[in-house]
Amino acid sequence: MNNRHPTMYSNLYQALTQEIISGTLHYGDRLPSVKHLCSQYNVGIRTATDVLNAMRTEGYIKTEKRKRAIVIYKKKKENDLEPVFQLFNQQYATIEMQTILQYLSPRLFAFATSLQSEESISAMRKVIRGVNSSPVRKQLRLVYEMVQELLATCENPLILDFYVGANRISAQTIIDEQIHPFMTFFNDAEKKLKEFIDRVSEKDIQAVEKTTKIIYRRLHSSISAYYQAMSAAYPEYRDTPQSPFTWYTKRASSCAYLSIARQLIDSIRCGQYSDGSILPSIATLAKTHNVSQQTVHRALIVLRNLGFILTKNGVGSYVSLGKNEDAKISIVDVNLKEDAFSYLCSLQFIALTCKSALKITFGSLQESLVSEIEQIVAKQQGLFMFDEIWQAVIRAQPGSVMEAIYGQINSIIGWNSYFANLPLYATKNTIANQKCVGLVDYLRTGKRDAFAEAMEEGFRYTFFTIKKALLSLGVHDATRLTL
């Protein structure tokens, strides 16, 4: 594969090649169409085409005009156990992912249920037709397509991207058509899925949440038991080195100049560049970020339009917070609007999942983390304290699937400094400060449920405040998201 930075290109490439190497896709099988790949993995036609061209060059597939690509990769005899190696290579990440799905999915599925239309219900019913007669790998794919149809009504591509990653890692556990961890679930799967869709159609949110909890709890137990059985069958693979889970969302991969602008905003917010201080020269910034000077120039224009800096001939660009009155009407660029919408998507994702995710992370909360959270609260950063606290919690999960997922989402949050500088929201920041008062006491006194409730309430408050701000700034896509 081309030596690229982690992008949706590498995400799609890894997903498809791992399906082929692990045996999920066999010699002679056809890949999904380019249109289907674009929809499933949330990529553009150019990205999907580039991936298929690379796979053709490297001998994985054969492509023909007006036909879906066909797998031509054959494992050599000495590599027959490669799928087993891949299985154990991702063991910890796979089991942790199932834990995360067990906690996050009930809330996300219940929320999506409240947004369903007759059209989306019909699409889900269409996807599962004939699932019982399909090969097991196709069964798994159809189930995840149904899940994507369910979640599409949330209008949040981050949620869809998350389940694409979950599907990729779950599919690697199927290395035998006869014995696999989904056997029980796929027994009369069409009937089970129809009953689930019926509950969704009725908008019986409690039933959907309860059923989802049961399904993912059973899948977690089944996959854990499957790994134990495989360890007994292949003891030589028990000590296989573990590969970390990688997940990339297109929403965290904006234009280069916007990524640099985001990093500079974060540096200003953290105090690396204080109000009135002069930024490094364009040449220095270009060298630091390994980009062209033109790219840095575009990034500085963004900061200037957002009211973070001013530029004077002979002096350069310097930080000038709150002194540019035009900042409040500056989101007119298409890329800026897309980035701002991505920021709102990230807030919605965390608001929907943080309460459930905290149930997983509570076991690893150390005294040092509690002290760090106490210091964050003491800074009185208003609306954005909740994100600072959340990032501290996620940093306490090093090398985990949780860190990989929320690390990507947290990378989008850099735009929060822009809103922090709007005087209009000084009152909102005061209210947010008040909401944070009890957080440390909840942790120190062991009131974890109260802490989780307060975090969820804080992110909901932040979401609706920012949504209102984006709408006033002309980001009309914000109307698509709710809680």
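1. A good place to start is Arg-480, which is partly exposed at 35% relative accessibility in this predicted model. Its side chain meets that of Glu-155 in a salt bridge, with 3.3 Å from N to O. This pair links distant parts of the chain, 325 residues apart: Arg-480 sits in the segment after helix H22 (448-472), and Glu-155 lies in the loop between helix H7 (136-151) and helix H8 (157-171). Glu-155 is partly exposed as well, with a relative accessible area of 34%.

2. How many salt bridges does the structure hold? There are 11. Another to look up joins Asp-50 and Arg-46, whose closest N and O atoms are 3.3 Å apart. Both residues belong to helix H3 (residues 45-57), and because they are four residues apart there, about one helical turn separates them. Asp-50 is partly exposed, at 23% relative accessibility, while Arg-46 is exposed, at 65%.

3. Next, have a look at Glu-64. Glu-64 forms a salt bridge with Lys-62, the closest N and O atoms being 3.7 Å apart. Glu-64 has a relative accessible area of 35% and is partly exposed; Lys-62, at 40%, also counts as partly exposed. These two residues and Lys-67 are linked in a salt-bridge network.

4. Finally, turn to the strands E3 (residues 309-312) and E4 (residues 316-319), which pair in the antiparallel sense over four bridges. Which residue in E4 is the bridge partner of Leu-310? That partner is Tyr-318. The two strands form a hairpin with three residues between them, and in the turn Gly-314 has a positive phi of about 85 degrees.

Methods
Residues are numbered from 1 along each chain as its sequence is written. This is a predicted model: local features need pLDDT of at least 70, side-chain atom pairs count only at pLDDT 80 or more; totals for chains, interfaces and linings use all residues. Side-chain values use heavy atoms; hydrogens and water are left out. Two strands pair if DSSP finds at least two bridges between them. A salt bridge is a side-chain nitrogen of Lys or Arg within 4 Å of a carboxyl oxygen of Asp or Glu. Buried means under 20% relative accessible area, exposed over 50%, partly exposed in between (1.4 Å probe, protein chains only).
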